Every structure is written in C-alpha cells, then in structure tokens.
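Student: I would like to take a close look at the empty spaces in this structure, meaning the cavities and the pocket. Could you take me through them slowly, and then through the packed parts around them?

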Amino acid sequence: MLTNISNVLRACAQRNGSVALVSARTYADFTTEASFEIKKCDIHKFEEAPATEVVMTRDEGLKYYRVMQTIRRMELKADQLYKQKIIRGFCHLSDGQEACAVGIEAGINLSDHLITAYRAHGYTYTRGGTVKQIMSELTGRKGGIAKGKGGSMHMYTKNFYGGNGIVGAQVPLGAGVALACQYLENNQVSVSLYGDGAANQGQIFETYNMAALWKLPAIFICENNRYGMGTSVERSAASTDYYKRGDYIPGLRVDGMDVLCVREATKFAADHCRAGKGPVLMELQTYRYHGHSMSDPGVSYRTREEIQEVRGKSDPISLLKDRILSTNMASIEELKEIDVSVRKEIEDAAQFATTDPEPPLEELCNHIFNDNSPMEVRGVNPWTKLKSVS
C-alpha cells in the first residue's frame with residue numbers, strides 16, 4: 001500500500017465489476033504526520049491528564065481507518081447473515097464502537113493481555129484474528145477461530161481470553177491475568193473490559209479492592225454505550241460517573257468515539273501500570289448503533305433520531321476520515337480504494353464462512369485439556385463414550 005503510485009494522470013483498476021479511479025499523486029505529496037487537538041479526559045485521583053495535543057502519522061491514520069472499516073463491515077455482514085438465519089444463537093454487534101477496540105490496541109502491545117465480555121468480534125480482530133476466522137466462527141464452521149464451537153461470544157487468540165458470556169465475570173479473570181504479569185515480572189499489563197450494564201456487579205468491586213491492595217498492572221475499562229440491554233444508564237445507576245467507581249483507584253473518562261483519545265488514554269494508563277503504581281479505571285463514552293443483540297431492534301427504548309444524531313455528529317470512522325483528509329494525509333480516492341479492498345475481504349470471508357464444513361461430531365469433546373493424552377469422555381449416558389484429543 002505504501003509503494004509509490006506511478007506519475008500518470010489516472011489509473012483504472014477493475015474491481016468487483018466496477019472501475020475504481022486511483023489518485024495520480026505520489027505518496028511523497030502527502031503529509032507524513034500531523035498534530036491534532038483532542039478532547040481532555042476527565043480525571044479522578046490523577047494529578048495530570050493525558051495529552052490533548054497528539055501526533056498521528058499517515059501510516060497510523062490509514063491503519064486505523066482500515067481496521068475500523070473492517071470491523072464496521074464485518075459487523076454489518078454478520079447482521080445480514082443473521083437475518084438470513086445462517087448465523088444462529090446469540091450475536092452482539094459493536095458497530096459504532098470501533099474506536100474503542102482500535103484505540104486500545106494502539107495504546108498497548110500485542111504482548112499485553114485483554115479480556116472482554118460478549119461484544120467481542122472487534123477485539124478478536126484487533127488482537128490478531130482474521131475476518132475469515134471470525135466469520136466462520138459465527139457460522140459454526142471448522143475454520144472458525146474456536147473451531148466452530150464457540151460462536152459469537154467465545155472467541156480467543158494469543159493473549160486474548162475471550163469473549164465471556166457471564167455478565168461481569170471476565171473482570172476478576174482479568175485481574176488474575178494481571179497477577180500473573182506481576183508474578184512473572186514481565187512488564188505486561190492486563191486490560192479487562194465490561195459494559196455499563198455490568199458496572200453494578202459486586203464481583204467487579206471485589207476485584208477493584210484486590211487489584212488496589214496488590215497494585216496489580218490492571219486496566220479496568222467500562223465501555224459506556226449508554227444502555228445496559230434496553231435500560232439507560234440514568235435508570236440503572238445511582239452514579240453514572242463510572243470512572244470514579246474505583247474510589248481509591250485513579251480513573252479517566254474518555255471520548256470513546258475518538259480513536260486518538262482512546263489511544264492516548266490507554267497509553268497513559270499502561271504507563272501508570274508499568275511503573276508499578278497499581279490499577280487504573282477508564283470509562284469510554286461510546287455508542288452502539290445496533291440493539292443490545294440481534295434479538296433487540298434497538299428502537300423501543302431510544303429513538304431513531306437519537307441514533308442518527310450520533311451517526312451524524314460523532315461517528316468514529318467519519319471523524320478519523322475528516323482528520324486524514326483535512327491534513328492532506330491521503331486522498332479521497334485512496335480511502336475509497338481501502339473501502340473497496342475491505343468490502344472484498346468481507347465478502348470473501350462470508351463466502352468461506354457459508355461453504356466451509358461444520359466440525360464433525362467426533363470432534364465434539366476435543367480440546368477439553370491442553371497437551372493431554374487422548375481420553376474417554378462420558379456422553380449423555382454412561383454407555384456412550386466419546387474421545388477427547390488435545
């Protein structure tokens with residue numbers, strides 16, 4: 001993508017039956033980096049906030065744009081396949097919240113650790129999963145990232161621990177990962193995500209206490225998308241200042257629709273943890289365009305006008321696109337080329353996910369243990385025996 005375009009007036013490329021026009025300018029014509037003013041974070045028990053003037057390079061901007069577009073298109077394709085009854089069961093989409101996943105990943109390292117709730121498709125992708133693996137998992141096929149056995153809520157990659165279906169239960173698990181990082185002295189951090197709907201869970205407050213006592217390198221992140229299922233935060237929480245919920249744990253409230261705000265806040269929190277100062281609590285103010293899950297139309301507790309207003313004023317992809325174009329980091333034609341490439345990747349993955357075979361029944365009990373010799377597993381009655389292979 002970063003090789004020079006030949007100096008011709010225009011080049012035509014045939015893609016998906018349509019002709020795409022490519023900008024004639026060379027990449028040397030574009031701005032390599034630019035500074036941006038971002039919204040200041042609200043702080044709790046911090047003496048200073050993350051920077052408000054930040055730098056983004058052209059490479060970073062194009063990467064963030066591609067990844068956010070990929071997550072958006074992947075979620076929209078999942079919506080389509082669900083309505084066609086190709087994807088079944090639980091399915092929670094995150095379109096609108098792309099800046100959270102991309103910004104967090106930009107603020108930590110792949111060697112760091114992340115665990116989240118069941119709105120996990122975007123995080124599975126940013127942590128290293130492929131679109132083909134994710135789409136195939138959604139359709140329950142052998143090529144899925146959990147071999148077709150996990151579905152929407154249970155996807156895993158290296159240093160990514162899911163995808164968890166029990167509300168709030170991933171937070172103490174994430175603290176356990178942080179304890180392992182501290183014990184191993186590997187200078188890594190653990191990021192635990194949960195929604196505003198889970199924020200009132202008692203186990204989360206127990207975890208805060210333990211993490212603060214032991215000064216664990218843990219970043220707790222509340223993705224506040226304003227609604228826990230169909231209940232607004234104002235109706236479910238006596239205090240909606242989720243970043244202050246840690247009390248004795250310092251906190252940040254961040255614009256979760258701005259990938260640069262999320263990136264800078266995550267870097268700030270990770271530096272705090274790596275310095276041995278203990279945990280940080282972040283609140284990302286974000287918004288989901290779909291309902292809570294595919295069974296929720298999403299308009300019985302909020303208006304279509306509210307959703308359209310957020311799309312029009314705060315869409316994370318549009319915000320990044322405007323920054324890239326206004327600073328001459330790329331041309332509109334180059335961004336359109338990315339859009340075409342992303343759509344093709346999604347379509348190819350969807351084709352694979354609908355034709356790949358389902359896992360055979362004899363693999364049902366495989367992978368119960370890691371690195372264990374084959375063993376027999378009781379079936380639905382004592383006379384039925386299945387085999388488990390690690």
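Tutor: In this predicted model, the count comes to two cavities of 30 Å³ or more. Rolling a probe the size of a water molecule over the atoms shows where empty space is left.

The largest cavity has a volume of about 70 Å³, and its lining is made by I71, S94, Q97, E98, C100, A101, R119, G122, Y123 and E223. Two helices, α2 (98-107) and α3 (121-126), each supply at least two of these lining residues, and α2 gives the most, with three. Sorted by class, the lining of the largest cavity holds four nonpolar, three polar and three charged residues.

One of the residues lining this cavity, E223, also belongs to strand β8, and there E223 shares a face with I219 and I221, while A218, F220, C222 and N224 take the other side, with all of these residues buried. In a regular strand the side chains alternate between the two faces of the sheet. Because seven of the seven residues of β8 (residues 218-224) are buried, the strand is largely enclosed by the rest of the structure. Strand β7 (residues 190-195) runs parallel to β8 and is joined to it by six bridges, with S190 standing opposite A218.

The packing around here can be followed through I219 of β8, which, together with I104, V254 and M282, touches the most other members of the largest nonpolar core, a set of 68 residues. If we leave aside its neighbours within four places in sequence, I104 is in contact with A99, L114, Y123, V191, L193, I221, V262, T266 and L284. Among these contacts is Y123, which also lines the largest cavity. Another core, of 18 residues, lies apart from the largest one and includes A175, V233, A237 and I249. In soluble globular proteins, nonpolar side chains tend to be buried together.

The second largest cavity holds about 30 Å³ of space and is lined by I38, K39, K40, C41, P50, A51, T52, C261 and E264; by class, these are five nonpolar, one polar and three charged residues. E264 sits in helix α8 (residues 259-274), and because its relative accessibility is 14%, which is under the 20% limit, E264 counts as buried. Neighbours within four places in sequence aside, E264 is in contact with I38, P50 and V54, and of those residues I38 and P50 also line the second largest cavity.

Now we can turn from the cavities to the largest pocket, where about 370 Å³ of space lies. It is lined by 22 residues, and those closest to its centre are R226, D255, M257, Q285 and S314. The elements that give two or more residues to this lining are α7 (233-236), β11 (251-255), β12 (280-285), α9 (304-314) and α10 (316-326), and the largest share, five residues, comes from α9. By class, the lining of the largest pocket divides into five nonpolar, seven polar and ten charged residues.

For a contrast with the buried E264, consider A238, whose place is in the loop between α7 and β11. Because its relative accessibility is 93%, which is over the 50% limit, A238 counts as exposed.

Methods: Residues numbered from 1 in each chain as written. Predicted model: local features only at pLDDT ≥ 70, side-chain atom pairs only at ≥ 80, totals over all residues. Heavy atoms only, no water. 1 Å grid on protein atoms, 1.4 Å probe; cavity = no way out; pocket = protein on both sides within 12 Å on 5 of 7 lines; lining within 4 Å. Points joined across faces, edges and corners; volume = space filled by probe spheres on them. Helix = DSSP H or I, 4+ residues; strand = E, 2+ residues; numbered from the N terminus. Nonpolar A, V, L, I, M, F, W, Y, C, P; charged D, E, K, R; others polar. Core = buried A, V, L, I, M, F, W, Y, C linked by side-chain atoms within 4.5 Å. Buried < 20%, exposed > 50% of the residue type's maximum accessible area, 1.4 Å probe, protein only. Contact = heavy atoms within 4.5 Å. Pairing = 2+ DSSP bridges.
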